[in-house]
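Here are a few exercises to work through with the sequence and the model side by side. Try each one before you read its solution.

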Amino acid sequence: MRRVRYESTGGPLFVEEAPVPAPGPGELLVRCAAVGVTLPVVRKVTEAAEPVALGGEVAGEVVAAGAGVTRFRPGDRVTGLCFGHGYADFALLHETMTSPIPDGADAVDAVALVRSGLVAYGALEAARPAPGEAVLVTAAASGVGHLAVQLARVRGAGRVVGAVSGPAKADFVRSLGADDCVRYTDGSWGDPVDCVLDAVGGDLLTPALAALAPHGRLVAYSSGGGTLQAYDLLVGAKSVIGFQLALIARGRPDLYEQWRQELWRLFAEGVLKPAVHAEFALEDAAKAHEVIESRTNLGKVVLRP
């Protein structure tokens with residue numbers, strides 16, 4: 001089979017031939033039909049001290065099941081999170097991190113919706129916006145952000161604002177139902193909001209916090225880091241909440257499954273529409289990473305093995 005690998009920090013990425021892996025206990029061997037490209041994986045290539053396997057979101061068909069697997073069998077269409085080599089023709093998924101793809105959806109729908117949608121859904125759950133409250137989403141045109149904008153509207157937000165880097169992204173985010181868009185470089189991000197869902201971190205944490213009204217909540221789910229001054233929290237009685245989906249997947253599988261089913265329900269009803277910016281062949285994984293690094297994508301970037 002083919003798989004994408006790299007040998008030193010920063011790449012380059014290349015395709016090599018490798019044996020098809022055998023599923024171990026509790027594992028599924030999946031023939032990959034679509035693979036999601038995410039910023040955390042791109043950052044591993046550019047920042048990790050040692051080369052790592054390029055894993056992530058995978059969707060395809062089960063071709064073999066390891067010992068102890070009870071929920072799936074060969075021929076089932078599934079999606080899940082791969083912790084090994086996911087940029088490949090075949091990948092291993094653990095049964096506990098795998099879910100079925102319903103009728104009416106394809107593999108690209110699955111990688112565009114499930115993982116990114118779960119992050120967006122979970123971040124909103126952490127923020128707990130009341131009906132009518134205003135929600136601002138940073139990186140609003142990203143794979144997670146464009147779903148968060150739609151989900152905020154579904155939850156009854158009174159005003160949804162997208163924070164983006166440029167005008168093309170602003171037009172895209174407005175087409176998803178955002179009431180307004182602001183640029184990161186704007187001196188003010190407009191009228192205060194009750195909740196901020198932040199996927200960027202770093203230097204943008206300060207203006208994101210400033211955008212909150214008194215008693216507002218900022219949910220940080222970015223891998224970009226950053227620091228805030230405690231005084232800036234005190235003067236407005238504001239809160240900062242960290243959210244990580246992996247903790248939900250490991251500690252609350254029942255909740256993880258509940259959210260996943262809700263996402264598919266909204267998709268089936270046409271309320272939640274995942275957008276795919278571009279699809280790349282496995283051999284063009286480097287080009288897919290360039291799109292993510294340039295932050296020009298409008299929605300999800302996908303590899304098609």
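The exercises below deal with cysteines and pockets in this predicted model.

**Exercise 1.** Work out how many disulfides the model has, looking at Cys181 and Cys195.

*Solution.* Start with the cut-off: two cysteine sulfur atoms must lie within 2.5 Å to count as a disulfide. Next, take Cys181, whose closest cysteine sulfur belongs to Cys195 and is 18 Å away, so the two are too far apart for a bond. Turning to Cys195, its nearest cysteine sulfur is that of Cys181, and Cys195 is in no disulfide. The count is therefore zero disulfides.

**Exercise 2.** Decide whether Cys181 and Cys195 are buried or exposed.

*Solution.* Buried means under 20% relative accessible area. Cys181 has 12% relative accessibility, so Cys181 is buried. Cys195 comes out at 0%, so Cys195 is buried too.

**Exercise 3.** Describe the largest pocket: its volume, its lining and the element that gives the most to that lining.

*Solution.* Begin with the volume, about 1300 Å³. Then go to the lining of 45 residues, where those nearest the centre include Thr38, Pro40 and Ser223. Helix 1 gives the most, with five residues. Finally, sort the lining by type: 25 nonpolar, twelve polar and eight charged residues.

**Exercise 4.** Do the same for the second largest pocket.

*Solution.* This pocket holds about 160 Å³ of space. Its lining has 15 residues, with Cys82 and His85 among those closest to the centre. Strand 6 (90–94) supplies the largest share, five residues. By type, the lining splits into ten nonpolar, three polar and two charged residues.

Conventions. Residues numbered from 1 in each chain as written. Predicted model: local features only at pLDDT ≥ 70, side-chain atom pairs only at ≥ 80, totals over all residues. Heavy atoms only, no water. Buried < 20%, exposed > 50% of the residue type's maximum accessible area, 1.4 Å probe, protein only. 1 Å grid on protein atoms, 1.4 Å probe; cavity = no way out; pocket = protein on both sides within 12 Å on 5 of 7 lines; lining within 4 Å. Points joined across faces, edges and corners; volume = space filled by probe spheres on them. Helix = DSSP H or I, 4+ residues; strand = E, 2+ residues; numbered from the N terminus. Nonpolar A, V, L, I, M, F, W, Y, C, P; charged D, E, K, R; others polar.
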